[in-house]
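Welcome, and please have your viewer ready. We will go from one selection to the next and look at what is there.

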Amino acid sequence: MFDISWTCKHTWGKASYNTMWCLIGCSIGDFGTIFYFQNIDHSLSIYTVMLLAIINGLITSIILETVILMRTFIFYEAVSIAFKMSFISMISMEIAMNATDLAFAGGVLTITIIPFMLLAGFMTPLPYNYYRLKKYNESCH
């Protein structure tokens, strides 16, 4: 796994760009779900809400990435690539974001916690995205 160069600025730039798009997609569903449940009366546990946020974040990320990929690929191929290339990144991103929220804000989405959630969500999958790009020349965007 470590038989690649980790010092390529171009690859870090491309991996960061790819990770940013994934983060945007994940954040839409994740933040939207948490915000929704903060503003309605419900009896779900915070962990159930976080699980729903993770699932919705994955869904919105796949949708966004599919739309982006459809500039180059037909729908079926775009969906397939979005799943294959990004799913590990998306899961790690979602877990990092929600763990940050739980640890520092108790699962309550506030304007002060969002930057930390985004930072954790961005930094967690970035090395994996770099590795995939460098080792296999594979990326989702």
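## Stop one: helix α1

Start by selecting residues 9–38, which form helix α1. With 30 residues, α1 reaches 41 Å from its first C-alpha to its last, close to the 44 Å expected at 1.5 Å a residue. Bear in mind as you look that this is a predicted model. Now centre the view on S27: α1 has a kink of about 30° there.

## Stop two: helix α2 alongside

Next, add residues 46–69, helix α2. How far apart are the end C-alpha atoms of α2? They are 34 Å apart, which agrees with the span that 24 residues should have at 1.5 Å a residue.

Keep both helices on screen. Two packed helices are described by the angle between their axes and the distance between the axes. For α1 and α2 the angle is about 145° and the axes lie 7 Å apart. Is their crossing left-handed or right-handed? The crossing of α1 and α2 is right-handed.

To see the contact itself, show side chains on both helices. From α1, the residues taking part include W21, C22, G25, G29, T33 and F37; from α2, they include V49, A53, N56, G57, T60 and L64. Colour the contact of α1 with α2 by class and you should find 14 nonpolar, 7 polar and 2 charged residues.

While α2 is selected, pick out its buried residues, among them V49, A53, G57, S61, E65 and I68. An α-helix has 3.6 residues a turn, so residues three or four places apart point the same way.

## Stop three: G29 and T33

Zoom in on G29, in helix α1. G29 has a relative accessible area of 6%, so it is buried. Which residues does G29 touch, leaving aside its neighbours within four places in sequence? They are A53, N56, G57 and T60. Draw a distance between the C-alpha atoms of G29 and G57: these two are 28 residues apart along the chain, yet the separation is 4.0 Å.

Now move to T33, also a residue of helix α1. T33 counts as buried because its relative accessibility is 7%, under the 20% cut-off. Beyond its neighbours within four places in sequence, T33 is in contact with V49, L52, A53 and N56. A53 and N56 are thus on the contact lists of both G29 and T33.

## Stop four: helices α3, α4 and α5

Select residues 75–105 for helix α3 and find I91 in it. Is I91 buried or partly exposed? With a relative accessible area of 33%, I91 is partly exposed. Measure across to C22, and the C-alpha atoms are 10 Å apart, while the two residues are 69 apart in sequence.

Go on to residues 114–123, helix α4, where A120 sits. A120 counts as buried at 19% relative accessibility, and the cut-off is under 20%. Its contacts, leaving aside neighbours within four places in sequence, are A96 and T100. From A120 to T11 the C-alpha distance is 20 Å, with their positions 109 residues apart in sequence.

Finish at helix α5, residues 126–136, and click on N129. N129 is buried, at 11% relative accessibility. Show what surrounds N129: not counting residues up to four places away in sequence, it touches A15, T19 and S89.

Definitions and conventions:
Residues are numbered from 1 along each chain as its sequence is written. This is a predicted model: local features need pLDDT of at least 70, side-chain atom pairs count only at pLDDT 80 or more; totals for chains, interfaces and linings use all residues. Side-chain values use heavy atoms; hydrogens and water are left out. Axes are lines fitted to C-alpha atoms, for helices over the stretch in contact, and angles run from 0 to 180 degrees between N-to-C directions. Helices (H or I, at least four residues) and strands (E, at least two) are DSSP runs, numbered from the N terminus. A crossing is left-handed if the near helix is turned anticlockwise from the far one by less than a right angle, and right-handed if clockwise. Contact means heavy atoms within 4.5 Å. Ala, Val, Leu, Ile, Met, Phe, Trp, Tyr, Cys and Pro count as nonpolar, Asp, Glu, Lys and Arg as charged, and the others, Gly among them, as polar. The expected span of a helix is 1.5 Å times one less than its number of residues. The bend at a residue is the angle between axes fitted to the seven residues ending there and the seven starting there. Buried means under 20% relative accessible area, exposed over 50%, partly exposed in between (1.4 Å probe, protein chains only).
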